[in-house]
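Here is a short report on one protein chain. It covers the overall make-up, a sheet, the cores and the salt bridges.

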Amino acid sequence: MGSSEEKVVAVIMVGGPTKGTRFRPLSLNIPKPLFPLAGQPMVHHPISACKKIPNLAQIYLVGFYEEREFAMYVSSISNELRVPVRYLREDKPHGSAGGLNNFRDLIMEDNPSHIFLLNCDVCCSFPLPEMLEAHKRFGGMGTILVIKVSAESASQFGELVADPVTNELLHYTEKPETFVSDYINCGVYVFTPDIFTAIQGVSSQRKDRANLRHLSSFEALQSATRNPPSDFVRLDQDILTPFAGKKQLYTYETMDFWEQIKTPGMSLKCSALYLAQFRFTSPNLLASGDGTKSATIIGDVYIHPSAKVHPSAKIGPNVSISANARIGAGVRLISCIILDDVEIMENAVVFHAIVGWKSSIGKWSRVQASLTYGYFYMILEKQWLLKMK
């Protein structure tokens, strides 16, 4: 088969309601992957990036949410991008690699030559076509997107060592207690179908070890709490670590931005990063105005078409305004996310805050967080004001 005919599928891990609890309270009313960053659902950004992959056949979203929670979004995004997007619900936790293997038959339906695996709570520029080209040159089973970070923050992620010439992954350890490297795993991968053989190999080894041991009922109970089931396979500890140094895994370094979206505070930072990226990828999504017929726009701003903004308002930089929001005369908005059905009345100021669904901010009110201490304000429904980091 010629390279022009090779098909690619993408799998995006979206987690579930019991995951991502650090993102609460923003995820109490809406699944975390659907929370808007730069005016688009969080999962929209990796999906849009997948659209740029040559010969993309299918995008799968894998998670624990009820299917009804994603049905409307999956239908609309499939029509918008003209790429089949399907949500697959896991019946139980299988681990990051086990979840991929659990839907192996569906993923391999189109007989893809390559499979992308992305984590939904990653914010980056997703250089997927470039990764794919590098992966083909390397000739291994998989390629990992990596980035260089400060030595102080590296221990929060999977640290790795790669050959500086060949880019081969030589060593990988997840959140080490001692410093290993300032290069970390970005949570974005491309694999050949050989990844399924590797995952099934881990499962088979666990089954074989279990069959060799004859345990008492007490020992069996203890073993069940210590050892994961055979179909629970973690990508980092069970695949990346043992396959490092075996000419199977390689790295592709991004020189662009990268963040993990774990807490509400990170949503403000990541929204700003995506807004800045829109200048190059989707300039049509950014608002403009000089205060004559429309509001004065400073920097990168997204305004939903259904939102109503008074011409005397001053918006930006780093602001996204969601559906049916109403922004009054003289309002000043800086570095904030305004969610659906919010009303901000005349001459109010909102700085470094998330204003939750259906909230109302009164005339001449001022909501301003302290950037010095890394705090931001979040106004929820019923106008509860939370100070969060």
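The report below goes from the whole chain down to single side-chain pairs.

## Basis

This is a predicted model, in which local features need pLDDT of at least 70 and side-chain atom pairs count only at pLDDT 80 or more, while totals for chains, interfaces and linings use all residues. Residues are numbered from 1 along each chain as its sequence is written, and side-chain values use heavy atoms, with hydrogens and water left out.

## The chain as a whole

The protein chain has 10 helices and 26 strands. Both are DSSP runs, numbered from the N terminus: helices are H or I with at least four residues, strands are E with at least two.

The chain has 389 residues, and 50% of them count as buried. Buried means under 20% relative accessible area, exposed means over 50%, and partly exposed lies in between (1.4 Å probe, protein chains only). The accessible surface comes to about 18600 Å². Carbon and sulfur atoms hold 50% of that surface. Areas come from the Shrake-Rupley method with a 1.4 Å probe; for residues, only the protein chains shown count as cover.

Contact means heavy atoms within 4.5 Å. Take the contacts between residues at least 6 apart in sequence: 57% of them join residues at least 24 apart.

## A four-stranded sheet

One open sheet has 4 strands in the order 16-19-21-23, with parallel pairing. Two strands pair if DSSP finds at least two bridges between them. Strand 16 (308-309) and strand 23 (360-361) are the edges, each pairing on one side only.

Strand 16 pairs with strand 19 (residues 326-327) in the parallel sense, over 2 bridges. Val-309 has Ile-327 of strand 19 as its bridge partner.

## Nonpolar cores

In soluble globular proteins, nonpolar side chains tend to be buried together. A nonpolar core here is a set of buried Ala, Val, Leu, Ile, Met, Phe, Trp, Tyr and Cys residues joined through side-chain atoms within 4.5 Å. The largest one has 63 residues. Ile-12, Ile-59, Leu-61, Phe-116 and Leu-128 touch the most other members. Helix 10 (residues 264-281) gives the most to this core, with 6 residues.

Apart from it lies another core, of 33 residues. Its members include Met-141, Leu-160, Tyr-172 and Phe-196.

Phe-116 deserves a look of its own. Leaving aside neighbours within four places in sequence, Phe-116 is in contact with residues including Val-8, Val-11, Ile-53, Leu-128, Met-131 and Tyr-189.

## Salt bridges

The structure holds 10 salt bridges. Each is a side-chain nitrogen of Lys or Arg within 4 Å of a carboxyl oxygen of Asp or Glu. One of them joins Asp-105 and Arg-104 (3.7 Å, N to O). Asp-105 is exposed, at 61% relative accessibility. Arg-104 is partly exposed, at 32%.

Asp-121 and Lys-262 meet at 2.7 Å, N to O. Asp-121 lies in the loop between strand 6 (114-119) and strand 7 (122-124), and Lys-262 in the loop between strand 13 (258-260) and helix 10, so the pair ties together parts 141 residues apart in sequence. Asp-121 is buried, with a relative accessible area of 15%; Lys-262 is partly exposed, with 25%.

Arg-326 and Glu-343 form another salt bridge (3.7 Å, N to O). This pair links strand 19, home of Arg-326, to strand 21 (residues 343-344), home of Glu-343, 17 residues apart. Arg-326 is partly exposed, at 36%, and Glu-343 is partly exposed, at 28%. Shared partners also join Lys-32, Asp-121 and Lys-262 into one salt-bridge network.
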